Number of protein chains: 2
Amino acid sequence: MNASRSAQPWVPTLEEVAALAGVSSSTASRVINGSPRVTESTVARVNAAIAKVGYVPNRAARSLARRSTQTVAMMIPERTAEFFADPYFAEVIQGAAMYASSTEYSLTLLIESENDPEKTHQLLRRGNVDGALILSHHSASSSYRELARTLPVVFGVRPPGETGEEIHVVDVDNTAVGALATQHLIDRGRRRIATISGPLDTTAGQERLQGWRDALSAAGLEELGSEEGDYTPSGGAAAARRLLDAGVQMDALFVASAQMAAGALGVLKERGIRVPDDVAVATVDNNVFSTSASPQLTTVDLHTAAKGAAMMATVVRLIRGEQLDAEAALPLDLVVRESTGC
Amino acid sequence: MNASRSAQPWVPTLEEVAALAGVSSSTASRVINGSPRVTESTVARVNAAIAKVGYVPNRAARSLARRSTQTVAMMIPERTAEFFADPYFAEVIQGAAMYASSTEYSLTLLIESENDPEKTHQLLRRGNVDGALILSHHSASSSYRELARTLPVVFGVRPPGETGEEIHVVDVDNTAVGALATQHLIDRGRRRIATISGPLDTTAGQERLQGWRDALSAAGLEELGSEEGDYTPSGGAAAARRLLDAGVQMDALFVASAQMAAGALGVLKERGIRVPDDVAVATVDNNVFSTSASPQLTTVDLHTAAKGAAMMATVVRLIRGEQLDAEAALPLDLVVRESTGC
DNA sequence: CTGAAAGCGCTTACAG
DNA sequence: CTGAAAGCGCTTACAG
């Protein structure tokens with residue numbers, strides 16, 4: 001039953017390191033934590049002892065004494081399968097994990113409870129983390145606003161319902177994303193540009209749609225038609241069908257995510273509509289959905305891994321109580337491929 | 001600087017709960033840990049107090065006292081971008097995280113050092129975890145064999161170099177995987193079946209190849225040709241090119257992963273070879289690479305999320321010192337789609 | 001610059 | 001069944 005006891009074999013302790021170096025554990029601790037008030041020779045002896053026994057500080061003891069856990073939680077929406085199926089999220093996690101590995105913080109995955117914010121709250125307290133990263137798109141994220149008042153929290157998307165509270169968001173300028181893709185379609189000479197938007201109960205969904213509008217209006221073009229999708233391939237397919245069934249005569253289509261674009265592409269093919277000849281398609285996300293589609297999709301590269309890293313960097317600074325400089329804008333690049341001709 | 005101190009606002013402690021319930025913290029602790037030696041009425045009072053103040057145990061203190069961390073590490077290969085780009089791994093992580101959320105254990109992501117096993121070793125000790133899950137395919141994984149002697153470790157793939165040591169592997173029967181896909185091709189009436197294998201320095205790569213051989217030999221067919229890939233789309237494309245350039249006249253192709261199959265499909269199309277008419281294609285992994293390929297790919301569904309869950313379940317049992325029953329075989333299903341005709 | 005002591009918040013023999 | 005006490009392995013004022 002207490003096999004867990006015997007699982008940890010021989011782990012040297014601070015006291016042993018100190019004894020080996022001939023100092024008190026207080027001093028050994030100071031060396032480990034880089035205190036300036038230690039003699040050079042002492043530092044050397046302690047470090048030698050550490051190296052000799054392969055000392056690694058016990059996290060739990062350190063956390064308890066410091067009252068901080070050196071752990072950041074990545075909150076995962078309850079519908080984990082869908083979440084992980086989206087390469088977008090995998091990329092964010094990758095970036096965050098990568099950045100974390102360059103710090104003292106470790107990343108832990110916590111699955112949130114969608115319909116019970118209190119449970120999630122508990123989870124975070126149970127998890128005893130120093131900060132949290134929030135990626136969910138939907139209502140749940142707004143319940144984190146409250147949490148953000150007591151714990152460093154960084155959002156990957158702006159939660160809906162602006163309330164004036166100061167929250168930390170690391171995200172691209174989604175209006176610019178929509179405008180960039182749409183402008184490219186315009187530059188390609190297209191004039192009848194429809195769109196498949198993201199969910200309109202998310203700020204990203206609204207903003208990319210707004211970007212489409214802005215670009216059209218700046219070019220004096222009309223808003224041909226827009227249908228709402230849910231960021232999944234089947235949602236994109238359904239939206240494409242609705243557009244076509246409504247008789248929209250488009251020569252271009254801006255799809256707010258590559259997953260949806262993949263679905264839409266299938267419908268266009270099904271209906272005998274050629275891409276890019278009949279309809280040029282531009283989308284968002286530079287991942288497998290845009291590169292392995294046929295034709296390959298012109299897309300806005302969101303540099304998603306960099307975003308994950310930036311989220312992690314931001315939460316670490318919040319935890320440390322550092323001053324946050326003006327939110328660095330995340331980069332945005334248009335990657336031109338076959339789907340918008342050449 | 002010590003803003004982290006003020007970050008945690010008001011967190012009730014065991015002692016406070018105990019006081020509120022009118023018992024000692026020893027007793028309160030017993031209630032929390034489900035000790036049988038407590039009066040019913042005491043249990044009720046303590047639980048009421050817990051609910052009232054929203055008490056959540058401090059993980060660090062508990063870990064320190066119990067000498068166990070309730071944390072399991074998922075080791076991520078250093079090349080994180082490639083790793084996370086493979087939906088296979090995302091799915092394993094998903095399953096493991098999901099299972100973890102139903103236990104007291106939490107999952108933390110640790111990035112391993114490929115060329116410095118000692119560093120990884122340190123990482124695990126620094127991470128102070130109770131167990132580890134290993135997913136990497138290559139040599140690095142063999143360095144974990146040693147680790148497995150002192151820490152509960154579960155492998156997602158059998159590390160190369162059998163040495164008779166007892167290690168815990170949760171994986172499908174990869175020989176069966178190769179045989180299942182190949183047999184399907186045979187059942188479809190194909191007789192000239194080539195293969196694109198996984199890396200042959202991995203046991204999974206070897207075994208799927210062996211499965212192909214077994215099925216062919218059982219059917220009295222010859223081994224037409226095999227090329228090695230690296231599980232990436234470009235690796236699959238390159239292998240397909242080598243096969244074709246060598247003049248192999250196949251009527252079917254077994255590709256050991258969907259990512260490679262996606263790449264191979266592009267090459268076949270490029271060369272004007274029709275799928276499935278000229279060449280039927282069967283692969284492995286039921287994910288976006290098989291469903292969004294065109295034509296959609298017949299594949300062996302590995303139930304990868306279930307595998308992640310099983311890995312987590314296994315490591316938890318190891319940690320608890322439980323007796324492991326005979327390794328439950330992971331399920332395996334053939335999903336028939338367009339790429340093998342009908 | 002260094003050490004003795006207290007304390008972080010739990011768990012768990014040991015008595016009773 | 002319950003409580004007082006010791007201890008888990010660190011950190012950090014407080015003295016010196």
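Domain bounds here come from an automatic or database domain assignment. With that in mind, let's walk through this predicted model, starting with chain A. The assignment splits chain A into domain 1 (11-57), domain 2 (71-172 + 306-330) and domain 3 (174-301). Going by C-alpha atoms, the centres of domain 1 of chain A and domain 3 of chain A sit 61 Å apart.

What does UniProt place at residues 12-66 of chain A? An unreviewed entry there lists the feature "domain: HTH lacI-type". In the model, residues 12-66 of chain A are 69% helix and 0% strand, and the end C-alpha atoms of that span are 20 Å apart.

Now bring in the second copy. Chain B lands on chain A with an RMSD of 0.1 Å after a rotation of 180° and 0.0 Å of shift along the axis. The two copies are thus related as by a two-fold rotation axis. The same surface serves both of them, too: 100% of the contact residues of chain B recur in chain A.

On to the DNA, beginning with strand D. There are 25 residues around DNA strand D, and A:Ser29, B:Ser26, B:Arg30, B:Thr39 and B:Thr42 come nearest. Of the strand D atoms that come within 4 Å of the protein, 64% are sugar and phosphate. Two contacts go to phosphate oxygens of strand D: a side-chain N or O atom of A:Ser29 is 2.4 Å from one, and a backbone N or O atom of B:Ser24 is 3.0 Å from one. B:Arg30 goes for a base instead, with a polar side-chain atom 2.4 Å from a base oxygen of DNA strand D. The elements giving two or more residues to this surface are α3 (25-32) and α5 (59-66) of chain A, plus α3 (25-32) and α5 (59-66) of chain B. α5(A) has the largest share, with 4 residues.

Which residues come closest to DNA strand C? Out of 24 around that strand, they are A:Ser26, A:Arg30, A:Thr39, A:Thr42 and B:Ser29. A polar side-chain atom of A:Arg30 lies 2.4 Å from a base oxygen of strand C, while one from A:Thr39 is 2.6 Å from a sugar or linking oxygen. From chain B, a side-chain N or O atom of B:Arg62 is 2.9 Å from a phosphate oxygen of strand C. Here α5(B) gives the most, with 4 residues.

As for residue classes, the surface near strand D has 9 nonpolar, 10 polar and 6 charged residues, and the surface near strand C has 8 nonpolar, 10 polar and 6 charged.

Notes
Residues are numbered from 1 along each chain as its sequence is written. Chains are lettered from A and ligands numbered from 1 in the order in which they are written. This is a predicted model: local features need pLDDT of at least 70, side-chain atom pairs count only at pLDDT 80 or more; totals for chains, interfaces and linings use all residues. Side-chain values use heavy atoms; hydrogens and water are left out. Copies are superposed by least squares on the C-alpha atoms of residues with pLDDT of at least 70 in both. Contact means heavy atoms within 4.5 Å. UniProt positions are given in the numbering used here, feature names are shortened, and annotations may be inferred rather than shown by experiment. A residue is near a molecule or strand if one of its heavy atoms lies within 4 Å of it. A polar contact is a pair of N or O atoms within 3.5 Å; within protein, one must be able to donate a hydrogen and the other to accept it, and residues adjacent in sequence count only if both atoms are side-chain atoms. Ala, Val, Leu, Ile, Met, Phe, Trp, Tyr, Cys and Pro count as nonpolar, Asp, Glu, Lys and Arg as charged, and the others, Gly among them, as polar.
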